[in-house]
Every structure is written in C-alpha cells, then in structure tokens.
Amino acid sequence: MTPLGLILAASAIGAGLGIGTAALGIGIGQGLAASRAVEGVARQPEAKGDVLQVMLVGQAVAETTGIFAFIVSIVLLFANPFPGML
Amino acid sequence: MHDVSNVGPRIIFRFGDSGVYVTESVVFGAIVALVLIVLALWLTRNMKAIPTGKQVFAEFIVSTIYNLVEGTMGKKALNYAPYIGTLFIFLILGNMLGLFGFRPITADVNTTFALALITFCLIQRQAIKTYGVKGKLKEMCEPYAFMFPLKIIEQISFPISLGFRLFGNILGGVIVMALIFTGLGSLCHSLNLPIPLLEAVIPLPANAFFDIFEPILQAFIFTMLTMVFISMEMMVNDHGDEE
C-alpha cells in the first residue's frame, strides 16, 4: 500500500468513526430533551407552544458538538490536509 | 448542482487578474435580497386603513414577527423586530434554494459567518448600551477577576458555534440530497432506463425534509438564539450573580 492510499483510507475511516460517535451522543441527548418535553406537554397541554419552542432551541444547542464533528469529517473527506504533508 | 466534489465557495466571476471575485453565494444572496425587496414593495402598495387582499398577508407576517420578538425579548426590544424578521425570512428563502435546484447560500461557511458576525456586533452593542464599556468589562470580571479570559472565550465561541450550526445542518442536507440523486441516477443507468424516471418521484420525501422542513427549523433556531442572546444582555443585574 502506498503512503497516499494509507492516508486516504485512514481519513475515510476517521471521518466515519467521528461523525458516527458524535451522532450517538446527539441522538441520546436530543431524545432526552424530547422525552422531557413530551412529559411536560402531557402534564400541561396548554403550554404546548412554549414547550416546543424551548425544546427545539435546546436540541439545537445540544447539536453543536455533532456539527463540529461533521465539519471535521467534511474536512477529512473533501479538503484533506494530510496528503499535502507527505 | 448535485455535486459535492467542491464544498467551498464557488467563484463564478473574476475582475481581471485581481484578487477581487464574486462567488455563487454572493450572487444568490443578492438575488434573494432583491426578491424580498420586490415582494415587500408589492405587498405594501396601496395600503388602506381596513386591510384587504395582499395587505392582510403582509400584516399577518409583520404582526407574527412582532409577537414572537415581544414574547421572547420583552416589550423593550421591539426595535430589534425589523432586523429579526428580515433575518428570518432571508434565511428561510436562502436555505430553501435547494428546492429550485440551486445550492443554498447558507451551505457556504462565509454566508453563515457573516450573519453570525452581525449577531455578535448586535450583542456587543446591546451590552455596551446596557452596562456601558466600563460596566461591561466589570461585569465580565465577576464573580472573580481570573474568569475574564473564560468570559472572552465564551463571547467569541457563541458566533462561531452559531455560524457552524447553520452551515453544518444545511450542508448535511445538501450532501444527503446529492447522495440520493447520484444513487438513483446510477441505478437508472444500470437498469438501462432511457429517461431517469426514478429521480422524478422517489426523492420527494427527502426534498420535503431537507429543503422545506429543515430550512424553516434552522432559520427559526438561528433567529431564536440571536434573540435570546441579545435579550440576555438587556437585563441589568445589580447582584452580579448568574442569570
């Protein structure tokens, strides 16, 4: 295997592992937020609009780390800096 | 269109050999702004005291945005409502460009960072208006003086995460759509279909999610976080504790 091939293969594996692991965490976090929101709406159906709004914003903030992982994966796939370092 | 080999800004026009150039996102951003201006002028022509026809729609949009701003930021912040509303509608249209077959302008990191920078400047302006320059610096040194670098990092990391959040969500949608179209196209090719029939109906649910639902949601979240962080600087707290 050439050094370039090794770098490309490792980058692809790293990109997949990175975004996969991050998605695991985000999924759990957003699910927790959604489950609590459902509980809140079930207890107080008239507050549905406010609960939905707060839940969406909270989930968006929880998503940030995953977005950073996504950016890293995108850089590894489309703008890989490592082949230039050979 | 459905091509992910180049995710950076695409240069479509260059002034001679100089370093000045126009990218795809700038052109489409200007087009979206023009569409918004024309729409606003058309909707508010011949206004009457008792609204009829298109004026009802215009008043509905304006009153919805004013209610949203008042509910989130309080009555004192209503002078932010025009900016918030413009940002919201511009982001919805800009994110939805994928529906018309173009690349969304927010799938370019420069667009989202420009918008996040405007938000950052507004937050700092509001902070200086509320506390004054000296008061803001003093507020950042509370509760302990050694927290100052941490507070600076907190201030700077907010626009970065805001810009990356919008960019990442929209770019993710663009990439998934490109994968769907490329996969269906190669499937058509291997089935020897003369016309790419599979690409006609099958991607519609994905289109509905990534080009209609996700843009509205992300535009809402961007404006919502902008409002929340501006209104956090509006509260004067004498005790210097959290909140």
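The exercises below work through a predicted model, each with a solution in steps.

**Exercise 1. Describe the overall make-up of chain B, from its elements to its extent.**

Solution. Begin with the elements: chain B holds 7 helices and 2 strands, and their order along the sequence reads β-β-α-α-α-α-α-α-α. Next, take the extent of the C-alpha trace, which is about 75 × 55 × 40 Å along the principal axes of chain B. Then turn to burial, where 22% of the 243 residues of chain B count as buried. Finally, consider the contacts in chain B with a separation of 6 or more, of which 64% join residues 24 or more positions apart.

**Exercise 2. Determine how helix H3 (residues 81–95) and helix H7 (residues 204–232) of chain B are oriented, and which residues make their contact.**

Solution. The two helices pack with their axes 8 Å apart and at an angle of about 155°. Angles over 145 degrees count as roughly antiparallel, and H3(B) and H7(B) are therefore roughly antiparallel to each other. Their crossing is right-handed. On the side of H3(B), the contact is formed by B:Ile84, B:Leu87, B:Phe88, B:Leu91, B:Ile92 and B:Asn95, while H7(B) contributes residues including B:Pro215, B:Ala219, B:Phe222 and B:Met227. Sorted by character, the residues of this contact comprise 10 nonpolar, 4 polar and no charged.

**Exercise 3. Decide whether B:Ala208 is buried or exposed.**

Solution. Locate the residue first: B:Ala208 belongs to helix H7 of chain B. A residue is exposed if 12 or fewer other C-beta atoms lie within 10 Å of its own; because B:Ala208 has 12 C-beta neighbours inside 10 Å, B:Ala208 counts as exposed. As for its place relative to B:Gln55, which is 153 residues away along the chain, the C-alpha atoms of the two are separated by 29 Å.

**Exercise 4. Characterise the side of chain A that touches chain B, and then examine helix H3 of chain A.**

Solution. Start with the contact itself, in which 11 residues of chain A meet 12 residues of chain B. Helix H2 (48–62) and helix H3 (64–78) of chain A are the elements that give two or more residues to this side of chain A, and H3(A) gives the most, with 7 residues. By character, the residues on this side of chain A are 9 nonpolar, 1 polar and 1 charged.

Now check the length of H3(A): at 1.5 Å a residue its 15 residues should span 21 Å, and the end C-alpha atoms are 21 Å apart, which agrees. Within H3(A), the residues A:Gly66, A:Ile67, A:Ala69, A:Phe70, A:Ser73 and A:Leu76 are buried. These buried residues of H3(A) pack against helix H1 (3–43) of chain A together with helix H5 (148–190) of chain B.

Methods. Residues are numbered from 1 along each chain as its sequence is written. Chains are lettered from A and ligands numbered from 1 in the order in which they are written. This is a predicted model: local features need pLDDT of at least 70, side-chain atom pairs count only at pLDDT 80 or more; totals for chains, interfaces and linings use all residues. Two residues are in contact if their C-beta atoms, placed from the backbone, lie within 7 Å. Helices (H or I, at least four residues) and strands (E, at least two) are DSSP runs, numbered from the N terminus. Ala, Val, Leu, Ile, Met, Phe, Trp, Tyr, Cys and Pro count as nonpolar, Asp, Glu, Lys and Arg as charged, and the others, Gly among them, as polar. Axes are lines fitted to C-alpha atoms, for helices over the stretch in contact, and angles run from 0 to 180 degrees between N-to-C directions. Angles under 35 degrees count as roughly parallel, over 145 as roughly antiparallel, 65 to 115 as roughly perpendicular and the rest as oblique. A crossing is left-handed if the near helix is turned anticlockwise from the far one by less than a right angle, and right-handed if clockwise. The expected span of a helix is 1.5 Å times one less than its number of residues. A residue is buried if 20 or more other C-beta atoms lie within 10 Å of its own, exposed if 12 or fewer, and partly exposed in between; C-beta atoms are placed from the backbone.
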